[in-house]
Amino acid sequence: MPLMRLDKMLADQGVASRKELREIIRSGRVCVDGATETHPERKLDPTLAAVTLDGERVGYRRFHYYMLDKPVGVVTATEDRRQRTVLDLLPAELRRLGLFPVGRLDKDTSGLLLLTDDGDFAHRVISPKSCVKKRYYAEVEGEADEQDALAFSRGIVLGDGTRCLPAELELLGGGRCLVTVMEGKYHQVRRMLASRGKPVLALRRLSVGGLRLEESLGPGGFRELSEQDLCTLFKE
């Protein structure tokens with residue numbers, strides 16, 4: 001790949017800001033291929049060079065992918081002056097990566113949210129053309145029935161004329177159901193259920209494609225996705 005400045009390579013891994021890294025490198029804390037490097041502008045191939053900071057190896061990844069268990073009450077945004085955002089749940093080193101949410105979960109919806117700095121990946125997940133299914137668990141007022149499931153399978157038309165693609169509605173009983181969609185229109189699942197007279201009381205995203213939320217993460221918990229995770233996501 002093209003050569004990259006040492007300070008940019010480290011900044012892209014969330015080590016510190018470019019300004020901070022210039023001081024760190026000049027202080028002799030960084031080594032490249034076993035030799036101390038004090039020039040932030042040093043050019044290198046980040047996929048081949050062995051770079052360490054204070055003796056610890058700093059690996060290079062061009063893009064980053066994370067799974068987050070979004071809690072209720074947090075907004076899906078990169079910044080907001082009045083409300084806590086999903087990026088505020090991350091440590092400083094991850095916030096420096098330039099991550100952004102893949103799609104949206106509204107403030108009152110919890111569950112699986114993907115974070116990345118890879119725009120092409122995000123577009124592929126979000127685009128209906130990719131047929132990446134998003135599955136939700138919902139609790140509603142009343143009891144969804146077979147007529148509701150049939151309406152979902154035919155494609156719900158919302159009150160404002162918005163036509164939704166055919167979706168799956170699985171009945172669990174007791175005001176509970178599973179909804180699977182392949183698009184992400186504004187408040188879509190809530191509006192689809194409300195159009196059938198079943199207002200949503202609670203909503204949680206369980207999976208995206210073949211990738212399922214790990215409940216062990218807990219609200220606000222996160223982990224980096226592996227290459228196998230990414231393959232699993234698009235396998236279904």
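Which residues line the largest cavity? The legends below treat this and other close-up views of a predicted model.

**Figure 1. Overview of the predicted model.** The protein comprises 236 residues, 46% of which count as buried. Its secondary structure consists of 7 helices and 15 strands. The C-alpha trace spans about 70 × 35 × 35 Å along its principal axes. Among contacts with a separation of 6 or more, 63% are between residues 24 or more positions apart.

**Figure 2. The largest cavity and its lining.** The structure holds 1 cavity of 30 Å³ or more, and the volume of the largest cavity is about 30 Å³. Its lining is formed by Val140, Glu143, Ala144, Leu171, Leu172, Gly173, Gly175, Arg176 and Cys177. Two elements, strand 11 and strand 12, each give two or more residues to this lining. The greatest contribution, 3 residues, comes from strand 11. Sorted by class, the lining has 5 nonpolar, 2 polar and 2 charged residues.

**Figure 3. The hairpin of strand 11 and strand 12.** Strand 11 (residues 168–173) pairs with strand 12 (residues 176–181) over 5 bridges in the antiparallel sense. Within this pairing, Glu168 of strand 11 lies opposite Thr180 of strand 12. The hairpin has 2 residues between the strands, and Gly174 adopts a positive phi near 65 degrees.

**Figure 4. Strand 9 and its partner strands.** All 8 of the 8 residues of strand 9 are buried, so this strand is largely enclosed by the rest of the structure. Strand 7 pairs with strand 9 in the antiparallel sense over 6 bridges, and Leu68 stands opposite Leu113 of strand 9. Strand 8 (residues 100–101) is likewise antiparallel to strand 9, with 2 bridges; here Pro101 stands opposite Leu115. Strand 13, by contrast, runs parallel to strand 9 and is joined to it by 3 bridges. In that parallel pairing, Thr109 stands opposite Leu203 in strand 13. Strands of a sheet pair through backbone hydrogen bonds, in either sense.

**Figure 5. The largest nonpolar core.** This core contains 33 residues, of which Leu115, Phe152, Leu169, Val179, Met192 and Leu193 touch the most other members. Two or more core residues come from each of strand 7 (65–70), strand 9, strand 10, helix 5 (146–154), strand 12, helix 6 and strand 13. Another core, of 17 residues, lies apart from it and includes Ala11, Leu21, Ile24 and Ile25. Leaving aside residues up to four places away in sequence, Phe152 touches Pro166, Ala167, Glu168, Leu169, Val179, Met192, Leu193 and Arg196.

**Figure 6. The packing of helix 6.** The buried residues in helix 6 include Gln188, Val189, Arg190, Met192 and Leu193. Strand 9, strand 10, helix 5, strand 11, strand 12 and strand 13 are the elements against which the buried residues of helix 6 pack. After helix 6 comes Gly197, with a positive phi near 75 degrees.

**Figure 7. The largest pocket.** The space in the largest pocket amounts to about 410 Å³. It is lined by 23 residues, and those closest to the pocket centre are Arg104, Tyr136, Gly184, Lys185 and Arg205. At least two lining residues are supplied by each of strand 9 (109–116), helix 4 (119–126), strand 10 (134–140), helix 6 (188–195) and strand 13 (200–208). The lining divides into 11 nonpolar, 5 polar and 7 charged residues.

**Figure 8. The second largest pocket.** About 270 Å³ of space is found in the second largest pocket. Among its 11 lining residues, Arg135, Leu206, Ser207, Gly209 and Arg212 lie nearest the centre. By class, 2 of the lining residues are nonpolar, 3 are polar and 6 are charged.

**Figure 9. An open sheet of four strands.** The strand order in this open sheet is 3-2-5-6, and the pairing is antiparallel. Strand 3 (35–36) and strand 6 (56–57) occupy the edges with a single partner strand each, so one side of each has no neighbour in the sheet. Strand 2 (residues 30–32) pairs with strand 3 in the antiparallel sense over 2 bridges. The bridge partner of Cys31 in strand 3 is Thr36.

Definitions and conventions
Residues numbered from 1 in each chain as written. Predicted model: local features only at pLDDT ≥ 70, side-chain atom pairs only at ≥ 80, totals over all residues. Heavy atoms only, no water. Pairing = 2+ DSSP bridges. 1 Å grid on protein atoms, 1.4 Å probe; cavity = no way out; pocket = protein on both sides within 12 Å on 5 of 7 lines; lining within 4 Å. Points joined across faces, edges and corners; volume = space filled by probe spheres on them. Nonpolar A, V, L, I, M, F, W, Y, C, P; charged D, E, K, R; others polar. Core = buried A, V, L, I, M, F, W, Y, C linked by side-chain atoms within 4.5 Å. Buried < 20%, exposed > 50% of the residue type's maximum accessible area, 1.4 Å probe, protein only. Contact = heavy atoms within 4.5 Å.
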